[in-house]
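Biologist: I'd like to go through this model and hear the reasoning behind each label. Can we take it one piece at a time?

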Amino acid sequence: MTSKNSITVIEELGKLLREESGDLLRASVEKLYNVLMELEAETIVGASKNQHSTDRSTYFNGKRNIKTPLKTAVGNINLSVPKLRNGSYYPSFVEPRRLTDKALVSVIQQAYVNGVSTRKVDNLVESMGLNIDKSKVSRVCKELDEIVFKFKNRPITNECPYIYLDATFPKVRESGTVCSAALLIAVAVNKNGEREILGFDIYPSESEEAWTCFLESLISRGLCGVKLVISDAHTGLKSAITKKLTGVAWQRCRVHFMRNVLAQVPQKQKGLVSAIVRTIFTAENKQEAKKQLSEVVNQLQSRFAKATDIIVNAEDEILTYMDFPQKHWQSIFSTNLIERLNKELRRRFNVVSVFPNDDAVIRLGGSILMEQHDEWAAAERRYMSAESMNELYIKAITGNNSEAMSLPA
């Protein structure tokens with residue numbers, strides 16, 4: 001006797017044959033997978049769509065497309081996964097979680113094993129339908145830790161003329177107390193104009209010692225060819241750069257600089273002062289920018305003395321980017337590249353709320369950074385063109401960039 005499920009699949013394939021699709025085999029397999037998902041989801045729901053049944057546990061709630069097509073022998077196929085009103089469904093024939101998702105699951109599981117439970121974690125675990133098993137947690141963590149460790153400590157093989165440094169601050173439980181740790185991150189644009197995750201590590205705080213140790217680790221892995229470091233004006237970070245990257249130019253993030261200036265201005269005047277200060281950066285070259293900076297200082301000095309002092313003291317720090325190819329200015333005057341990355345890290349970290357230990361931070365954070373690194377590596381276009389990168393190196397060889405080769409104290 002033919003089952004109802006078999007009849008459904010046969011009917012769908014027969015429909016494709018009648019339609020005479022140009023790519024019949026691939027379309028047939030795609031239809032087959034989507035039908036199988038519906039049948040598989042029906043077993044969870046306890047009924048088919050629009051069917052009245054006392055065994056029903058929930059209801060269908062539309063569909064969602066999987067962003068990455070499923071690779072099969074007949075080509076890539078697109079899947080539309082059924083959504084449920086309560087609970088969740090993911091097809092058994094597709095790997096249900098990416099590396100980051102596995103890391104997130106392992107962190108949540110480990111939080112339970114170590115007695116770190118919050119209402120947010122409770123709800124997430126329930127919605128995922130996780131089975132909290134100590135031996136399973138150990139195996140998942142070990143697998144992920146090996147992958148992340150290998151990526152974190154890999155040799156740096158490319159010259160990296162531009163590096164961006166910043167930190168984000170996950171909450172970690174330490175000896176029964178919740179503390180903010182510092183996850184230090186380095187992102188680079190290498191000599192080919194491509195972005196890459198250079199390194200990351202966790203420290204008790206964002207101190208000079210932490211940044212010095214972090215930079216030492218990058219250098220020991222092969223970091224070389226650095227021409228410009230872009231970061232905020234953290235005192236410990238500046239000192240570490242001076243010690244470990246001697247002779248390298250430093251660009252103070254323009255966005256952070258503007259925040260520092262406007263913090264010294266009354267709320268009603270912030271818009272006006274911001275517009276005036278920004279005129280400095282509309283100059284075509286560094287000489288014109290310095291001239292405009294002097295005019296801005298003269299204009300603001302009498303009303304906003306503290307803000308003006310910040311501008312004067314930061315003159316060399318905020319204009320360093322103008323010593324480099326103009327095509328790169330938009331990308332190197334601020335830490336926006338790494339700030340976007342930190343925003344994604346914080347979004348994922350907020351799901352966990354409090355990490356059970358430092359290893360859990362590295363596991364999840366490292367997985368997220370690995371995924372971003374892979375996405376950048378697969379990008380069709382370079383972040384900076386080969387032509388503009390050649391201009392950077394020609395400038396350095398001819399000595400036109402000599403002023404930018406020293407870090408302000």
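Modeller: Sure. One definition to begin with: contact means heavy atoms within 4.5 Å. Also, keep in mind that this is a predicted model.

Biologist: Then what covers the buried residues of α9?

Modeller: The cover includes α8 (254-262), α10 (286-300) and α11 (305-313). The buried residues of α9 (270-278) are V273, S274, I276 and V277.

Biologist: What puts those four on the same side of α9?

Modeller: Their arc around the axis is only 165°, and that places them on the same side of the helix. As background, an α-helix has 3.6 residues a turn, so residues three or four places apart point the same way.

Biologist: On to β8. Why is this strand called largely enclosed?

Modeller: Because 8 of the 8 residues in β8 (182-189) are buried, the strand is largely enclosed by the rest of the structure.

Biologist: How do you know which faces of β8 are covered?

Modeller: Look at each side in turn. A182, L184, A186 and A188 are buried on one side, and L183, I185, V187 and V189 are buried on the other, so both faces come out as covered. In a regular strand the side chains alternate between the two faces of the sheet.

Biologist: What makes β5 and β8 a pair?

Modeller: The rule asks for at least two bridges, and β5 (162-168) is joined to β8 by 7, running antiparallel. T168 stands opposite L183 there. β8 also pairs with β9 (195-203), again in the antiparallel sense, over 8 bridges. On that side L183 stands opposite I202.

Biologist: Which residue takes a positive phi in the hairpin of β8 and β9?

Modeller: G193, with phi near 80°. The hairpin has 5 residues between the strands.

Biologist: Now the charges. Why is K152 with D201 called a salt bridge?

Modeller: The cut-off is 4 Å between the side-chain nitrogen and the carboxyl oxygen, and the closest N and O atoms of K152 and D201 are 3.3 Å apart, so the pair qualifies. K152 lies in α5 (134-152) and D201 in β9, so the salt bridge ties together parts that are 49 residues apart in sequence. By this rule the count comes to 13 salt bridges.

Biologist: Why does K152 count as buried?

Modeller: Buried means under 20% relative accessible area, and K152 has 13%, so the label fits.

Biologist: And what of K243 and E208: buried, exposed or partly exposed?

Modeller: K243 is at 52%, and exposed means over 50%, so K243 counts as exposed. E208 has 25%, which falls between the two cut-offs, so E208 is partly exposed. Their side chains meet in a salt bridge at 2.5 Å, N to O. That pair links K243 in α7 (235-244) to E208 in α6 (208-220), 35 residues apart.

Biologist: Which residues are joined into one network by salt bridges that share partners?

Modeller: K238, R252 and E317. Within that network, E317 and K238 meet at 3.2 Å, N to O. E317 is in α12 (315-318) and K238 in α7, 79 residues apart. E317 and K238 are both buried.

Biologist: Last one: why is N76 called partly exposed?

Modeller: Its relative accessible area is 44%, which lies between 20% and 50%, so N76 is partly exposed. N76 sits in β3 (75-77). N76 and E30 are 46 residues apart in sequence, with their C-alpha atoms 8.7 Å apart in space.

Note on methods:
Residues are numbered from 1 along each chain as its sequence is written. This is a predicted model: local features need pLDDT of at least 70, side-chain atom pairs count only at pLDDT 80 or more; totals for chains, interfaces and linings use all residues. Side-chain values use heavy atoms; hydrogens and water are left out. Buried means under 20% relative accessible area, exposed over 50%, partly exposed in between (1.4 Å probe, protein chains only). Helices (H or I, at least four residues) and strands (E, at least two) are DSSP runs, numbered from the N terminus. The arc is that of the directions from the helix axis to the C-beta atoms.
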